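Subject: Structure handover

Dear colleague,

Here is the structure we discussed, with my notes below it. Please read them with the model open.

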Amino acid sequence: MWGAYPQVEIDYEGYFGRKTYPEIGGCYYSSRLAVAEFLEARGRQAIPILWREIYPGFYFPVGVWFVRENVRELFKGKPEKFPELDDALKYVDQVLKVKSSTWIKHSKVIPMIRSRLFP
């Protein structure tokens with residue numbers, strides 16, 4: 001049954017961008033835009049990782065604007081800072097329902113970060 005258990009959808013791009021449309025659709029580009037705006041305004045580069053949970057009761061197809069504006073709003077808040085990736089993942093486990101181990105199992109980016117081989 002759809003929605004009976006968490007679904008994890010992953011997409012990413014490396015340093016040289018991407019050549020195909022993301023499987024997760026337009027939300028990929030709306031979140032990417034909000035992150036790119038934030039980084040450009042600060043003259044920074046980063047390897048952002050965005051995880052979004054959608055819970056039962058979220059039925060309205062509000063569109064990609066919802067994702068973009070929520071990511072923009074996120075950047076207005078005070079950031080959490082961690083010395084290591086694993087410290088950040090422990091924090092994520094405290095605030096999200098889907099554990100970081102589930103996301104990591106599907107991730108292409110986290111293994112690249114850990115091995116320092118991000119393209």
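E13 is buried in this predicted model, because its relative accessible area is 17% and the cut-off for burial is under 20%. The residue sits in the segment that precedes α1, a helix covering 26–42. Two side-chain partners were found for E13. One is Y28, whose side chain is joined to that of E13 by a polar contact of 2.7 Å. The other is R32, where the side-chain polar contact with E13 is 2.8 Å.

S30 belongs to helix α1. S30 also counts as buried, with a relative accessibility of 5%. Which residues does S30 contact, once its neighbours within four places in sequence are left aside? They are V64, V67 and R68. For V64 there is a polar atom pair to look at: the backbone oxygen of V64 is 3.3 Å from a polar atom of the S30 side chain.

Two positions in the loop between α1 and α2 are worth opening next. α2 itself runs over 64–74.

- W51 lies in that loop. Not counting residues up to four places away in sequence, W51 touches L89, V92, L96, S100, W103 and I110. With S100, the separation is 49 residues in sequence, while the C-alpha atoms are 9.5 Å apart in space.
- I47 is found in the loop between α1 and α2 as well. Its relative accessible area is 41%, so I47 is classed as partly exposed. I47 and Y15 are 32 residues apart along the chain, and their C-alpha to C-alpha distance is 9.4 Å.

The contact between W51 and I110 leads to the other end of the sequence. I110 is part of helix α5, residues 109–115. Is I110 buried or exposed? It counts as buried, because its relative accessibility is 1%. Apart from residues up to four places away in sequence, I110 touches I49, W51, L85, L89 and I104. For L85, the distance from I110 is 8.8 Å between C-alpha atoms, across a sequence separation of 25 residues. L89 appears in the contact list of I110 and also in that of W51.

Now the chain as a whole. Its secondary structure consists of five helices and zero strands, and in sequence order the pattern reads α-α-α-α-α. How does the radius of gyration of the chain stand against that of a compact globule? For 119 residues such a globule would have a value near 14 Å, and the chain has 15 Å, so the two agree. The C-alpha trace spans about 40 × 35 × 30 Å along its principal axes.

Among contacts in the chain with a separation of 6 or more, 60% are between residues 24 or more positions apart. Of the 119 residues, 22% are buried, E13, S30 and I110 among them.

On the surface, the accessible area of the chain is about 9500 Å², and carbon and sulfur atoms hold 57% of this. The chain carries 18 positive and 14 negative charges, and the mean positions of these two sets are 1 Å apart.

Regards

Notes
Residues numbered from 1 in each chain as written. Predicted model: local features only at pLDDT ≥ 70, side-chain atom pairs only at ≥ 80, totals over all residues. Heavy atoms only, no water. Helix = DSSP H or I, 4+ residues; strand = E, 2+ residues; numbered from the N terminus. Buried < 20%, exposed > 50% of the residue type's maximum accessible area, 1.4 Å probe, protein only. Polar contact = N/O pair within 3.5 Å; in protein donor to acceptor, adjacent residues only side chain to side chain. Rg over C-alpha atoms; globule rule 2.2 N^0.38 Å. Contact = heavy atoms within 4.5 Å. Areas by Shrake-Rupley, 256 points an atom, 1.4 Å probe, with all protein chains shown as cover. Lys, Arg positive; Asp, Glu negative; His and termini not counted. Charge placed at Lys NZ, Arg CZ, Asp CG, Glu CD.
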